[in-house]
Amino acid sequence: MRPLCSRSVSRVLSVVSLLIFMLTACGMQGAQSEERGKLEVVATTSHLGDVVRQIAGDSVSLATLLGPGIDPHTYVATEGDLRTFQRADLIIAHGRDLEAQLARVLNQIGDRGSTMVIAVADRLDPAQLLSWEPERNMPFDPHVWNDVQLWKQVVILVRDALIAADAANTETYQRRSETYLAELEALDRELRTAVAQIPPERRIIVTAHDAFGYLGRAYGFEVEAVQGISTEAEASTADIQALTRLVIERRVPAIFVETTISPRTIEAVQAAVRAAGREVALGGELYSDALGELDSPTGTYVGMMRHNITTIVTALGG
Ligand SMILES: [Zn+2]
């Protein structure tokens, strides 16, 4: 069992303080966005922010909650975030327990009825999803963006939410989403071509937390992680030892650190492999649960996926 007590208490306290803030802030929402004319959209993750940007362009006013390097599994909303939520006409969340600490607040805002709240991954067909941690009441792996075909379904859900919230710009959302979906189809083919360069026996991704299950399923990798899928659980010494044995037995050439997770556990695996008289390289940094800086190549979903696959192909000897 992992010690969740203190975390649960702080979670309850943060929800209570957010509720108090919401009660006092209720009066000021709504009117501003009507004056400005543009739909006020909040996306929780940078992946979703990018989808909104690609589909809506300048037609909406967009705020993205979780910036580069921020771990959505453990993020707790600030009072500033609450003010951002209050101003929104439409909140697009990821769902499927990715933003575990935000779910209750977003549900409460959705229940009030004046802001449309959609959790996109909750609307994907469970039959297409990988299982996760049913014993913690989180049955499905939320990291769906790592399969471009699944992410295309999310793009369609975001498009439909934008149209439902802002019918006047329907033509723009439809036209831009068609272009973007074609771009994603080309990206999917590009990734498959790149992965084909890696010898089959080397197609194994070892990372800090289990964010790449869909990448493995879609593009033909075995995926092993030090930590369970959610970063809320701590990696154990036994986890590190098990992965060290696997790296040695399978002659894994490289293992990967992630942008939203401390490199500590992956470095511990590397050190343990070295202590056993073998070597494994650090293959570079993968963007796991957040995109890069907005004005950098990894600031878009397409750029991030390209970076990750290129990093993996290079490190595994493609
Ligand atoms: Zn994750």
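Helices here are DSSP runs of H or I at least four residues long, numbered from the N terminus. The exercises below concern a predicted model.

**Exercise 1. Locate R175, decide whether it is buried or exposed, and relate it to I55.**

Solution. Begin with the secondary structure: R175 is found in helix α7, which covers residues 170–195. Next, count the neighbours and apply the cut-off, under which a residue with 12 or fewer other C-beta atoms within 10 Å is exposed. R175 has 11 C-beta neighbours inside 10 Å and therefore counts as exposed. Finally, compare sequence with space: R175 and I55 are separated by 120 residues along the chain, while their C-alpha atoms lie 8.2 Å apart.

**Exercise 2. Describe how the helix α3 packs against α6, giving angle, axis distance, handedness and contacting residues.**

Solution. The geometry comes first: α3 (residues 46–56) and α6 pack at an angle of about 60°, and their axes are 10 Å apart. Since angles from 65 to 115 degrees count as roughly perpendicular and those under 35 as roughly parallel, α3 is therefore oblique to α6. The crossing of these two helices is right-handed. On the α3 side the contact involves L48, V51, V52, I55 and A56, which meet V154, V155, V158, R159 and L162 of α6.

**Exercise 3. Carry out the analysis of packing for α9 and α10.**

Solution. Helix α9 spans residues 237–249 and helix α10 spans residues 264–275; their axes are 9 Å apart and the packing angle is about 55°. The two helices are therefore oblique to each other, and α9 passes α10 in a right-handed crossing. The residues that make the contact are I240, L243, T244, V247 and I248 from α9, together with T265, A268, V269, A272 and V273 from α10.

**Exercise 4. Which residues of the largest nonpolar core touch the most other members, and where does this core lie with respect to the domains?**

Solution. The largest nonpolar core holds 79 residues, and V41, V52, I91, I92, V158 and I255 touch the most other members. Helix α6 (residues 148–165) gives the most to this core, contributing 8 residues. Because domain 1 (5–188) and domain 2 (193–315) both give residues to the core, it lies between them. As general background, nonpolar side chains in soluble globular proteins tend to be buried together. To examine one member, take I255: leaving out residues up to four places away in sequence, it touches V206, V247, I266, V269, Q270, V280, L282 and G283.

**Exercise 5. Where in the chain are D97 and R251, what are their phi values, and is each of them buried or exposed?**

Solution. Consider D97 first, whose phi is near 70°, a positive value in a residue other than glycine. D97 sits in the loop between β3 (90–93) and α5 (103–112), and with 24 C-beta neighbours inside 10 Å it counts as buried. Turn then to R251, which is likewise not a glycine and has a positive phi of about 50°. R251 lies in the loop between α9 and β9 (254–258), and with 11 other C-beta atoms within 10 Å it is exposed.

**Exercise 6. How many helices and strands does the chain have, what share of its residues is buried, and what share of contacts links residues 24 or more positions apart?**

Solution. The chain has 11 helices and 10 strands. Of its 318 residues, 42% count as buried. Among contacts with a separation of 6 or more, 68% join residues 24 or more positions apart.

Notes
Residues are numbered from 1 along each chain as its sequence is written. This is a predicted model: local features need pLDDT of at least 70, side-chain atom pairs count only at pLDDT 80 or more; totals for chains, interfaces and linings use all residues. A nonpolar core is a set of buried Ala, Val, Leu, Ile, Met, Phe, Trp, Tyr and Cys residues joined through C-beta atoms within 7 Å. A residue is buried if 20 or more other C-beta atoms lie within 10 Å of its own, exposed if 12 or fewer, and partly exposed in between; C-beta atoms are placed from the backbone. Domain bounds come from an automatic or database domain assignment. Two residues are in contact if their C-beta atoms, placed from the backbone, lie within 7 Å. Axes are lines fitted to C-alpha atoms, for helices over the stretch in contact, and angles run from 0 to 180 degrees between N-to-C directions. Angles under 35 degrees count as roughly parallel, over 145 as roughly antiparallel, 65 to 115 as roughly perpendicular and the rest as oblique. A crossing is left-handed if the near helix is turned anticlockwise from the far one by less than a right angle, and right-handed if clockwise.
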